[in-house]
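Student: Please take a close look at the salt bridges for me. Then place them against the rest of the chain.

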Amino acid sequence: YTTSVHIGGISVAGKTVIPSIENELPIGARQFNADIDLRPGKNLIVRINAKLDTLTGDLIWTFTSIDPLTNEPTTDPLAGFLDPGQKGSCLYTVTPNAGLPTGTVATNQAAIVFDFNDPINTPIWTNTIDNDKPTSNVLPLGRMQSSPSFPIYWNGTDVGSGVRDFTIYVSDNGGSFAPWLTNTSNTQATFTGAAGHSYAFYSQARDNVFNLEDAHILPDVITTLPNAVQDVTRQINITRGGFRLNRATGRFVQTVTLTNIGSSVITGPVSLVLDGLSSNAALFNKTGNTSATSPAGSPYLDVQTGNLDAGASIAVTLEFTNPSKAAISYSTRLLAGPGGR
């Protein structure tokens with residue numbers, strides 16, 4: 001008819017840790033009461049009393065089978081709420097005292113009493129406190145990489161529950177760090193970058209109780225992929241057309257024809273660079289300015305993303321702003337291949 005579950009005060013390093021519940025009651029007792037109506041499936045009400053004795057640390061649940069007609073405990077030995085062979089359980093959570101060192105052991109045990117029978121003691125349950133964050137790092141890399149794809153290795157340690165997984169962060173050319181791999185249990189992976197780019201990495205570990213390592217202030221490693229861009233000016237015949245003024249836009253327009261006079265394919269992308277552009281003019285439709293190839297600061301226009309076959313030609317339209325309408329002068333350079341310009 002009545003089932004009682006008694007959980008003794010939780011022992012941590014020989015001291016009692018008191019669980020907490022929301023409702024404040026007179027000193028030494030905090031409790032919860034409720035009636036659960038099992039009808040019509042079973043002609044029974046289960047009265048639940050959960051009580052925490054804050055002086056002893058004892059937590060007790062009592063489940064009593066109530067006859068709905070008398071509102072008293074049933075006298076029928078077969079009318080209990082828990083049928084033969086069925087199981088029940090109680091769940092509680094405990095917040096450990098602040099400042100407990102990693103390795104502190106918390107133990108607990110429950111006693112279950114059915115009606116007037118002797119208590120049934122459960123095995124002793126043990127938990128070990130882990131309040132320390134793990135540490136990790138990406139292993140050293142060479143300053144320069146010979147291939148766009150290269151392996152990254154990392155490891156970590158934790159004095160408590162052990163390392164669970166890692167998040168690996170990467171920064172491209174000094175930009176903000178962003179996750180490359182998230183919550184991975186691996187300790188190596190292959191990273192693929194772009195030619196001419198510099199990459200910085202750091203790791204952040206989690207342990208098995210989800211303590212998270214602090215983000216690293218500085219990267220663990222920095223490495224660079226060499227620029228694969230080539231100057232192919234000598235393999236190209238460049239023919240410039242005359243300038244004409246587009247009166248609708250006010251810009252000067254020029255057509256430049258690029259022909260691959262070599263016997264081999266030029267690997268794209270292909271860019272036309274205007275070195276020494278006269279100060280009175282600016283290339284309006286430029287893709288950008290050179291920074292990875294010398295001289296820096298020259299405007300360039302990407303003219304083809306793919307390869308340029310031997311004997312093939314490209315017609316490129318250049319647009320210039322030139323408020324003074326003075327003569328426009330520049331020298332040409334052709335860059336090809338992946339990487340910064």
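**A close look at the salt bridges**

Tutor: Start with K133, which counts as partly exposed at 47% relative accessibility. Its partner is D214, partly exposed too, at 49% relative accessibility. Why that label? Buried means under 20% and exposed means over 50%, so a value in between is called partly exposed. One caution before going on: this is a predicted model.

Now look at how the two meet. K133 and D214 form a salt bridge, and their closest N and O atoms are 2.8 Å apart. Both residues sit in loops. K133 is in the loop between strand 11 (125-128) and strand 12 (135-138), while D214 is in the loop between strand 17 (198-207) and strand 18 (221-224). These places are 81 residues apart in sequence, so the pair ties together two separated parts of the chain. Next comes a small network: R164, D165 and R206 are joined by salt bridges that share partners.

How many salt bridges are there in total? The structure holds 8. Let us take two others in turn.

The first is between R47 and D35, with the closest N and O atoms 2.9 Å apart. This pair runs from strand to strand. R47 belongs to strand 5 (residues 45-53), D35 belongs to strand 4 (residues 30-37), and the two residues are 12 residues apart. Are these ends buried or exposed? Neither label fits. R47 has a relative accessible area of 30%, so it is partly exposed. D35 has 44%, so it is partly exposed as well.

The second is between D83 and K42. Here the closest N and O atoms are 2.8 Å apart. D83 lies in the loop between strand 7 (72-73) and strand 8 (105-108). K42 lies in the loop between strand 4 and strand 5. The pair therefore ties together parts that are 41 residues apart in sequence. D83 is partly exposed at 30% relative accessibility. K42 is partly exposed, with a relative accessible area of 22%. That value is not under 20%, so K42 does not count as buried.

You can now follow strands 4 and 5 through both pairs. D35 and R47 come from these strands. K42 comes from the loop between them.

Go back to the loop between strand 17 and strand 18. It holds D214, and F210 is found there too. F210 has a positive phi of about 70°, although it is not a glycine. At 47% relative accessibility, F210 counts as partly exposed. Why point it out? Most residues other than glycine have a negative phi, so a positive one deserves a look. N183 is another such case, with a positive phi of about 50° although it is not a glycine. N183 is in strand 15 (residues 178-184). It is partly exposed, with a relative accessible area of 38%.

Now the wider setting. An open sheet of 5 strands has the order 19-27-22-25-24, with antiparallel pairing. Strand 19 (230-231) and strand 24 (288-289) stand at the edges. Each has a single partner strand, so one side of each is left without a neighbour in the sheet. At one edge, strand 19 pairs with strand 27 (residues 331-336) over 2 bridges, in the antiparallel sense. There, Q230 has A336 as its bridge partner. At the other edge, strand 24 pairs with strand 25 (residues 299-304), again antiparallel and over 2 bridges. G288 stands opposite Y300 there. Further in, strand 22 (residues 270-275) and strand 27 pair over 6 antiparallel bridges. In this pairing, S271 faces L335.

Two loops beside these strands carry cis peptide bonds. One bond runs from G268 to P269, with omega near 0°. P269 is in the loop between strand 21 (251-260) and strand 22. The other joins S294 and P295, with omega about 0°. P295 is in the loop between strand 24 and strand 25.

Last, how far should you trust the picture? The mean pLDDT of the chain is 88, and 91% of its residues reach 70 or more. Over residues 9-27, however, the pLDDT is below 50. That stretch still has 43 contacts in the model beyond near neighbours in sequence. Where pLDDT is low, the predicted coordinates should not be read in detail.

How values were computed:
Residues numbered from 1 in each chain as written. Predicted model: local features only at pLDDT ≥ 70, side-chain atom pairs only at ≥ 80, totals over all residues. Heavy atoms only, no water. pLDDT = per-residue confidence, 0-100. Contact = heavy atoms within 4.5 Å. Pairing = 2+ DSSP bridges. Helix = DSSP H or I, 4+ residues; strand = E, 2+ residues; numbered from the N terminus. Salt bridge = Lys/Arg side-chain N within 4 Å of Asp/Glu carboxyl O. Buried < 20%, exposed > 50% of the residue type's maximum accessible area, 1.4 Å probe, protein only.
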